[in-house]
Structures are given as structure tokens and as C-alpha cells.
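This briefing goes through one protein model, topic by topic. Please look over the sequence and the structure first, then read on.

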Amino acid sequence: MDKLSSILPPHHGGYLPYFILYDSVSAAIHTVVCYMSSPTASLRQFSGPKAPPPHPLLAHVYGVKNFYTSVIRLYAAYNITNPHLYDLAFWSFVGVLFLYITEVFVYKNARLQEAAFPYVLAGSGVIWMVLQRDWYLSQ
């Protein structure tokens, strides 16, 4: 157990750093998927009625987006008391919400059923980070 706790971020009395770390690892895994698997698999969430055909370039661009999202959140998870990293992580969650809201409701490139998981994760991240901002930044 000591070995596991040595690699996890400090929690500072809460679980938000672990949530951000989980989301960072998820984004990193999806980055690998975007580069290593077929575009159809990596762009499955963009299968709405007006979605363009899956293309390797689009998958790679989405992979790059996931990579920098992962890095930002990884740094924030381990440095949750740093206001600049906290804000970057917060805005990365807002960006994901914006992406999926516009893709589902404006551009129709995604369907609600594929966007449900990102809505829940990004929405939870936004709400949690707003509610806990003063707590973590006062540490």
C-alpha cells in the first residue's frame, strides 16, 4: 500500500486530485487509441447524423487534443494547490463540455448517447472544481 500511495498525488484532504488523475490517464489512453487503432474506433463518439467519415488525420488531431488535456490534468493532479494549474485543469473540463455540447446540439457530429460519458465526467469536473476551488487553493 505504501508503494501505491507514493505514486498517487497528495490528496490534501479530498479526492479531487484522484479524479483529475483518473481523467488524465483516461485521456492518455485515448491518445494511444487515436494513433494506434483505426479511425473508426478512435472517433466512435463522433458518429452523429452529420459526422464526416472517420479519417486518420482527424483521429490524430483528436489524439493531440487528448494528449495536452492529459498532460495539463496530470500536472494539476499532482499540484492541486497551484492556482495556475488548477485553472488550466478547470478550463480543460470546460473545453470538453463545450466541444461535446456543440458537436451534439449545433453541428450534429455526435449523438447524445456517445456524449453522455464525457458530459458526466467533464460536468462533474467543472462542478467539483468550482465547489472546491477555495479549499484546495488555500492549502
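Which residue forms a salt bridge with D87? The partner is R133, and the closest N and O atoms of the two lie 2.4 Å apart. The model is a predicted one, and the points below cover its charged pairs, one of its helices, its aromatic rings and two further residues.

**Salt bridges**

- Side chains of opposite charge can pair when their charged atoms come close.
- There are three salt bridges in the structure.
- In the pair of R73 and D23, the closest N and O atoms are 2.2 Å apart.
- This pair links distant parts of the chain, since R73 belongs to helix α4 (residues 56-78) and D23 to helix α2 (residues 16-36), with the two positions 50 residues apart in sequence.
- Both R73 and D23 are buried.
- The bridge between D87 and R133 also links distant parts of the chain: D87 sits in helix α5 and R133 in helix α6 (residues 112-137), 46 residues apart.
- D87 counts as partly exposed because its relative accessibility is 27%, between the limits of 20% and 50%.
- R133 is likewise partly exposed, with a relative accessible area of 30%.
- R111 and E114 form another salt bridge, and here the closest N and O atoms are 2.5 Å apart.
- The two ends of that bridge fall into separate classes: R111 is partly exposed at 36% relative accessibility, whereas E114 is buried at 17%.

**Helix α2**

- Helix α2 has 21 residues.
- From its first C-alpha to its last, α2 reaches 30 Å, which is close to the 30 Å expected at 1.5 Å a residue.
- The buried residues of α2 are L16, P17, F19, I20, L21, D23, S24, A27, T31 and C34.
- An α-helix has 3.6 residues a turn, so residues three or four places apart point the same way.
- The buried residues of α2 pack against four other helices, namely α3 (39-42), α4, α5 and α6.
- One of the buried residues of α2 is D23, the salt-bridge partner of R73.

**Aromatic rings**

- The count of aromatic pairs comes to six.
- One of them joins F46 and Y62 edge-to-face, with 5.2 Å from centre to centre and 90° between the planes.
- F46 lies in the loop between α3 and α4, while Y62 lies in helix α4, 16 residues apart, and the pair links distant parts of the chain.
- F46 is buried, at 16% relative accessibility.
- Y62 is buried too, with a relative accessible area of 10%.
- F46 also pairs with Y100: the ring centres are 5.6 Å apart and the planes are at 10°, so this pair is stacked.
- Because F46 is in the loop between α3 and α4 and Y100 is in helix α5, the stacked pair ties together parts that are 54 residues apart in sequence.
- Y100 is buried, with a relative accessible area of 3%.
- Ring pairs also link F19, F93 and W128 into a cluster.
- R73 lies over the face of F93, at 3.8 Å from the ring centre.
- R73 therefore has two roles in this list, as it forms a salt bridge with D23 and sits over the ring of F93.

**Two residues of helix α5**

- T102 is located in helix α5 (residues 83-106).
- T102 is buried because its relative accessible area is 12%, and the limit for buried is under 20%.
- The side chain of T102 reaches the backbone oxygen of L99 at 2.9 Å.
- Leaving aside residues up to four places away in sequence, T102 touches Y107 and K108.
- H84 is found in helix α5 as well.
- Is H84 buried or exposed? H84 is exposed, with a relative accessible area of 62%.
- H84 and L137 are 53 residues apart in sequence, and their C-alpha atoms are 10.0 Å apart in space.

How values were computed:
Residues are numbered from 1 along each chain as its sequence is written. This is a predicted model: local features need pLDDT of at least 70, side-chain atom pairs count only at pLDDT 80 or more; totals for chains, interfaces and linings use all residues. Side-chain values use heavy atoms; hydrogens and water are left out. Buried means under 20% relative accessible area, exposed over 50%, partly exposed in between (1.4 Å probe, protein chains only). A polar contact is a pair of N or O atoms within 3.5 Å; within protein, one must be able to donate a hydrogen and the other to accept it, and residues adjacent in sequence count only if both atoms are side-chain atoms. Contact means heavy atoms within 4.5 Å. A salt bridge is a side-chain nitrogen of Lys or Arg within 4 Å of a carboxyl oxygen of Asp or Glu. The expected span of a helix is 1.5 Å times one less than its number of residues. Rings of Phe, Tyr and Trp (its six-membered ring) pair if their centres lie within 6.5 Å; planes under 30 degrees apart count as stacked, over 60 as edge-to-face and the rest as tilted. A charge sits over a ring if NZ of Lys or CZ of Arg is within 6 Å of the ring centre and within 35 degrees of the ring normal.
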